[in-house]
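This report goes through a protein model, taking its internal spaces before its packing. The sequence and coordinates come next.

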Amino acid sequence: MTDKLPMIAVIATNASTPDILWRTLESLGRADLPAGWRGVWVVENGGTHRAVDAVVSAPDRLKVRHLPTPDRGKCRALNQAAKWAAAMMPGALMVLLDDDVRVDTGTLTAYADAASARPANAFFGGPTDVDYERDVPVWLLDYLPVSARGWSHGGGPVTEPVFLGFNWAAYAKDILAVGGFDESRGPGSGTATLGDEGDMQQRLLDAGNTAHYVQAAKVWHWVPADKCTPDWALERNYQQGLEAGRQVGPNERLPLWLRRRQLVAALRKLAAPIFGANAAFAAEHKARFNAGLADGMRLASR
């Protein structure tokens, strides 16, 4: 059945770093292609055409198409790609990548093999690793999100959203059946919210789709120097708290458990200098998450 499964790789980008996009396409050019391969769709959103040079330089075997869209937003671009794919290739599997990954040679065929027995009502994801622009202090690694330090599934059934947004795959028709990606979330949405892929995966699960981990479908995520610093880690934890707060739900008045958590964090911040710089950073890291959590709950109530 693998030879009948139409597959595309979709890269939603604003091509702000065309050299990194070229790196992604170059790695795809070295990958093994499944029999049902239909190409790479580079959906450049925001009305720019900075991706053109990378696209025209890509290996012919990849069948890369440059598909510019005027509206900015990753989720808008993915929804447009899903509509095109469902109309042009019924049953198409979309491998969802970002413009800053390096793809293992066996990733695409691994997704095709995993999908061959599940041609609908399923989605898939694989492990990730990291390509750092520069070395990261060991102590900081624990404070970075998994997108900046790598991820793999520990085993067993996948029953919750766990796949990272730059390495997973879903059927176009299944994405559309649950309403498409939430365009108020994610890069380019104009809101400081994360979790667009997690939201989609949860809605797929709620609709009865099954999730499957594909160990051989691996990518490496490019992490530039400015996205693995202490300040960036603090801001990212605030953003993660903001998203968690939105998920908790509307609450203009903070619940008692959160006020207690904020009090404990404040006391830890006061005591942290006694125990050294790492303890001070850990306290600030928790405090930033709590602040995001509180703001997210307030935003959800509006």
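## Cavity, pocket and core

The largest cavity has a volume of about 60 Å³. The model is a predicted one, and it holds one cavity of 30 Å³ or more. Helix 3, strand 4 and helix 7 are the elements that give two or more residues to the lining of the largest cavity. That lining is made up of A12, K74, L78, L96, L97, D98, G165, W168, F181, D196 and E197. Sorted by class, six of the lining residues are nonpolar, one is polar and four are charged.

The second largest pocket has a volume of about 150 Å³. Its lining consists of E160, P161, R185, G195, G198, D199, Q202, E243 and Q247. Helix 7 (196-206) and helix 8 (230-248) each supply at least two of these residues, and helix 7 gives the largest share, three residues. The table sets out the two linings by class.

| Space | Volume | Nonpolar | Polar | Charged |
|---|---|---|---|---|
| Largest cavity | about 60 Å³ | six residues | one residue | four residues |
| Second largest pocket | about 150 Å³ | one residue | four residues | four residues |

Helix 3 (residues 74-88) has 15 residues and spans 21 Å from its first C-alpha to its last, close to the 21 Å expected at 1.5 Å a residue. Its buried residues are K74, C75, A77, L78, N79, A81, A82 and A85. K74 and L78 also belong to the lining of the largest cavity. The cover over the buried residues of helix 3 includes strand 1 (7-13), strand 2 (37-44), strand 4 (93-97), helix 6 (172-177) and helix 7.

A172 is found in helix 6. Is A172 buried or exposed? Its relative accessible area is 1%, under the 20% cut-off, so A172 counts as buried. Leaving aside neighbours within four places in sequence, A172 is in contact with A82, A85, A86, A92 and M94. Two of these partners, A82 and A85, are among the buried residues of helix 3. A172 also lies 8.8 Å from W84, C-alpha to C-alpha, with their positions 88 residues apart in sequence.

G29 is found in helix 1 (residues 18-29). With a relative accessible area of 15%, G29 is also under the 20% limit and therefore buried. Beyond its neighbours within four places in sequence, G29 is in contact with P59, R61 and L62. The C-alpha atoms of G29 and R61 are separated by 7.3 Å, although the two residues are 32 apart along the chain.

P59 and L62 are also contacts of L25, whose partners beyond four places in sequence are I11, V40, V42, A54, V55, A58, P59, L62 and V64. L25 is one of the residues with the most contacts inside the largest nonpolar core, as are L28, V40, M94, L97, F124 and W168. That core has 68 residues. Apart from it lies another core, of twelve residues, including L140, L144, W232 and A233. In soluble globular proteins, nonpolar side chains tend to be buried together.

Across the whole protein there are ten helices and ten strands. Of its 302 residues, 51% count as buried. Among contacts between residues at least 6 apart in sequence, 81% join residues at least 24 apart.

Notes: Residues numbered from 1 in each chain as written. Predicted model: local features only at pLDDT ≥ 70, side-chain atom pairs only at ≥ 80, totals over all residues. Heavy atoms only, no water. 1 Å grid on protein atoms, 1.4 Å probe; cavity = no way out; pocket = protein on both sides within 12 Å on 5 of 7 lines; lining within 4 Å. Points joined across faces, edges and corners; volume = space filled by probe spheres on them. Helix = DSSP H or I, 4+ residues; strand = E, 2+ residues; numbered from the N terminus. Nonpolar A, V, L, I, M, F, W, Y, C, P; charged D, E, K, R; others polar. Core = buried A, V, L, I, M, F, W, Y, C linked by side-chain atoms within 4.5 Å. Buried < 20%, exposed > 50% of the residue type's maximum accessible area, 1.4 Å probe, protein only. Contact = heavy atoms within 4.5 Å. Expected span 1.5 Å × (residues − 1).
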